[in-house]
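Dear colleague,

Please find below the structure that I am handing over to you. My notes on what was found in it follow directly after.

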Amino acid sequence: MSEKENDKIKRRSFLQASLASLTLSGCSTTQPPLVPKLPEPREEQKIGRRTAPSVVGILEAKSYADDLFAIIKAKLPQLKIGDFKGKTVVLKPNMVECPYKAPITTRPEVLRAAIKLVDYLGAKNIIVAEGPGHMRDTELILATTGIGKVCQEMAVPFVDLNLDDCVKVPIKHSFTTCDHFILPKTIMKADAVVSLPKMKTHHWVGMTAAMKNLFGIMPGRKYGYPKNFLHYGGIAHFILDLNRVIATRLSIVDAIIAMEGDGPINGTAKEMGLILVGIDPAAVDATCARIMGYDLSELDYICVAGQVIGNIQTSEIEIIGPAVNEIAVNFKRPITYGKDKKLSEKLLHAQSRSDIS
Amino acid sequence: MTKVQEFLSAALVDGWCPYSFSTGQSASTEATAWAIIALVGNRRLSVRRALEFLIANQNTDGGWATGPGLGRSDWTSGPATLALRLALHYQPQLIAPRIMEQSLARAFNYLLTLRVEFLPPVGRLLLLFLKGPAGMHYARGWPWNPDCYNWVEPTSYCLMALKLPTLNNEELGLSAIFHANKYLLEHACRGGGWNHGCFASLGAFYPPYMTTTAEALLALTDIAAESRVQAALNYLNTAENPGFSAMSLAWSTLALNAYDHDCSKQLEALLRLQNNDGSFGLNYFVTALSLLAINTTNGINPLRPKRESASHKH
């Protein structure tokens with residue numbers, strides 16, 4: 001190589017390095033954070049928060065073959081659920097996708113018990129509704145989860161919330177950047193919405209139960225499959241806004257077989273033998289988190305829910321059933337919620353916007 | 001007219017189609033688009049009013065929302081554009097050419113500006129400087145909603161809109177096709193096929209789905225020889241078929257037929273699922289897909305390309 005060519009290469013390398021460092025320095029100060037941090041709630045966001053003490057039932061159910069309705073019914077006086085007399089009630093199970101190997105979705109036995117319960121409590125109309133998050137093929141999911149069969153056997157209509165007629169619903173004082181959601185009419189016309197989640201770990205927000213279950217209400221016809229729009233704007237932010245717009249009337253958590261590890265899809269089964277029941281979704285979720293071995297300070301959205309939705313402190317929650325510390329176990333964590341906090345945060349920030357739920 | 005054609009034509013009586021079979025439902029851009037695509041190949045069935053509906057509800061940015069008045073334009077712009085292109089091809093007499101061409105020009109403009117761009121201008125400049133022009137050809141597809149990430153289905157729908165019935169030969173269109181083909185190929189699942197677009201996360205690999213695999217295959221007929229396309233065809237041909245779902249069977253039939261693979265097994269299973277009133281599945285969208293699948297027995301498949309292309313070369 002001649003001296004002239006050598007000089008050319010050295011100059012090019014120098015220019016490349018200089019420009020690279022200049023542009024990188026420009027990038028580092030102007031790039032927004034990958035995941036928006038959950039802010040401290042403002043006073044106006046706290047309006048409407050439940051202030052009366054909450055009751056959460058922790059009911060033991062060894063298997064799905066047990067009479068789950070009878071188990072819940074036996075505790076009704078203590079659970080203080082009230083009734084659904086004359087109401088149109090929408091039951092919203094978790095049917096995120098086909099449960100190909102793991103306990104991903106709400107079991108049909110829990111749905112059957114919930115239908116019997118709201119019917120017993122006087123509901124005039126009962127609808128089962130869900131907008132599966134990952135797959136458009138609701139017919140397939142209804143078949144593979146067994147939920148379609150329960151709806152048929154109990155003569156309860158199923159509504160695919162992903163394809164339902166929709167309305168624009170304004171949001172006041174939102175945590176997200178949205179001033180409105182496009183939501184299914186079936187949900188907005190219901191007198192009561194009952195959340196029927198699966199207790200699972202979640203690799204982006206730590207856990208999913210009553211409150212996160214409402215993601216299935218956002219219609220895929222607008223927000224896609226998966227509903228990446230919700231991730232992009234901050235999962236925790238959308239959980240809070242959704243639960244402020246849709247005040248669920250009751251939550252029944254399927255924790256007979258829960259999920260630990262890399263939830264909410266790729267985790268493994270965790271036998272807990274429990275059903276959790278409560279009116280206050282924040283209290284239900286806080287109790288689930290404690291049972292799963294979490295410290296609430298690890299779960300941002302639950303901490304903020306304690307200020308804007310309902311009760312999360314043990315002093316504010318009356319437990320009907322065994323004491324939480326007697327039954328709590330350390331669920332295997334997703335690696336994003338592991339002991340190495342720095343690694344966890346790195347993984348969380350790197351992937352959560354571009355990934356599935 | 002067959003029972004299913006009759007069922008679908010009746011749904012379009014007001015010039016649009018809802019999703020749900022229930023009465024009193026509102027218009028769906030996607031269901032209307034697929035109803036048009038399913039019926040347009042039969043010249044005895046007019047889809048004029050449905051085309052007029054689509055054109056009238058095209059937003060000022062050139063795209064479509066999931067239904068009239070339901071927010072800004074979104075992923076349903078892909079199926080809507082595809083419906084217009086196929087209608088222009090099969091029944092050009094239905095709408096004045098000038099009106100159709102204007103609508104399509106605006107639609108293409110919307111689709112081409114909607115593509116996901118991850119890097120800011122400074123980042124792209126850096127990439128150009130470090131890797132040269134070749135470094136600028138990173139995979140880019142389409143999102144469900146503007147400003148979100150690429151996913152397999154909206155990318156597949158938009159690619160179909162750009163490639164069917166014939167390839168969009170504009171320079172920008174070819175460039176978009178090249179990058180979107182690349183996106184799909186890079187996001188195939190291990191072992192073949194596609195799911196929604198997340199083939200792996202945090203060290204775990206996720207399985208493919210029949211529906212999304214078929215959609216991606218229909219979007220990639222111009223690069224049939226690619227190994228990932230062949231692997232996906234193998235997945236569709238050998239996947240366990242529970243026969244529960246008209247949607248997966250209809251899409252699988254259409255995709256296998258587009259590649260000249262035998263789809264008789266899928267079609268037979270699909271026909272067993274027909275409802276008594278002639279419909280399929282739980283809604284009009286699936287009924288339209290099923291009609292399209294059935295029409296392959298008559299040699300009609302608008303989702304087969306009309307000519308070879310070299311879009312994978314750049």
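In which sense, left-handed or right-handed, does α11(B) pass α13(B)? The crossing of α11(B) with α13(B) is left-handed, and the two helices pack at an angle of about 35°, with their axes 8 Å apart. On the side of α11(B), the contact is made by B:Ala246, B:Met247, B:Ala250, B:Trp251, B:Thr253 and B:Leu254, while α13(B) contributes B:Val286, B:Leu289, B:Ser290, B:Leu292 and B:Ala293. Sorted by class, the residues of this contact are nine nonpolar and two polar, with no charged residue among them. Please keep in mind throughout that this is a predicted model.

Chain B as a whole

Chain B has 13 helices and two strands. With its 314 residues, a compact globule would be expected to have a radius of gyration near 20 Å, and the 19 Å of chain B agrees with that. Taken along the principal axes, the C-alpha atoms of chain B fill a box of roughly 60 × 45 × 35 Å. Of the 314 residues in chain B, 52% are buried, and of the contacts in the chain with a separation of 6 or more, 67% are between residues 24 or more positions apart.

A covered helix and the nonpolar core

Helix α2 of chain B, residues 29-39, is mostly covered, since eleven of its eleven residues are buried. Among these buried residues are B:Glu30, B:Trp34 and B:Ala35, and what covers the buried residues of α2(B) includes α1 (3-11), α3 (48-56), α4 (77-90) and α13 (284-295) of chain B. Leaving aside residues up to four places away in sequence, B:Ala35 touches B:Leu8, B:Ala11, B:Leu12, B:Cys17, B:Ala50, B:Tyr284 and B:Ala288. The largest nonpolar core holds 206 residues, and those that touch the most other members are A:Ile275, B:Ala35 and B:Ala288. As general background, nonpolar side chains tend to be buried together in soluble globular proteins.

The pair α7 and α8 of chain B

A second pair of helices, α7(B) and α8(B), packs at an angle of about 145°, with the axes 10 Å apart, and the crossing of α7(B) and α8(B) is again left-handed. Here B:Val152, B:Thr155, B:Cys158, B:Leu159, B:Leu162 and B:Lys163 of α7(B) meet B:Gly173, B:Ala176, B:Ile177, B:Ala180, B:Tyr183 and B:Leu184 of α8(B). By class, this contact of α7(B) with α8(B) has nine nonpolar, two polar and one charged residues. In the loop between α7 (152-163) and α8 (171-186) of chain B lies B:Pro165, and the peptide bond that leads to B:Pro165 from B:Leu164 is cis, with omega near 0°.

Backbone points to look at

Most peptide bonds are trans, and most residues other than glycine have a negative phi. Besides the cis bond just described, the peptide bond from A:Gly263 to A:Pro264 is cis, with omega near 15°, and A:Pro264 lies in the loop between β10 (250-260) and β11 (268-278) of chain A. In chain B, B:Leu202 is not a glycine and yet has a positive phi of about 50°; B:Leu202 lies in the loop between β1 (200-201) and β2 (204-205) of chain B. Because B:Leu202 has 15 C-beta neighbours inside 10 Å, it counts as partly exposed. B:Asp260, which is not a glycine either, has a positive phi of about 60° and is found in the loop between α11 and α12 (264-272) of chain B. With 9 other C-beta atoms within 10 Å, B:Asp260 is exposed. The C-alpha atoms of B:Asp260 and B:Arg140, which are 120 residues apart along the chain, are separated by 28 Å.

Where the two chains meet

How many residues does each chain give to the contact between chain A and chain B? Chain B gives 37 residues and chain A gives 40 residues. On the side of chain B that touches chain A, the elements that give two or more residues are α6 (121-131) and α11 (246-258) of chain B, and the largest share, six residues, comes from α6(B). By class, this side of chain B has 21 nonpolar, 14 polar and two charged residues.

With best regards

How values were computed:
Residues numbered from 1 in each chain as written. Chains lettered and ligands numbered in written order. Predicted model: local features only at pLDDT ≥ 70, side-chain atom pairs only at ≥ 80, totals over all residues. Contact = placed C-beta atoms within 7 Å. Helix = DSSP H or I, 4+ residues; strand = E, 2+ residues; numbered from the N terminus. Nonpolar A, V, L, I, M, F, W, Y, C, P; charged D, E, K, R; others polar. Core = buried A, V, L, I, M, F, W, Y, C linked by C-beta atoms within 7 Å. Buried ≥ 20, exposed ≤ 12 C-beta atoms within 10 Å, placed from the backbone. Rg over C-alpha atoms; globule rule 2.2 N^0.38 Å. Axes fitted to C-alpha atoms, helices over the stretch in contact; angles between N-to-C directions. Left-handed = near helix turned anticlockwise from the far one by under 90°.
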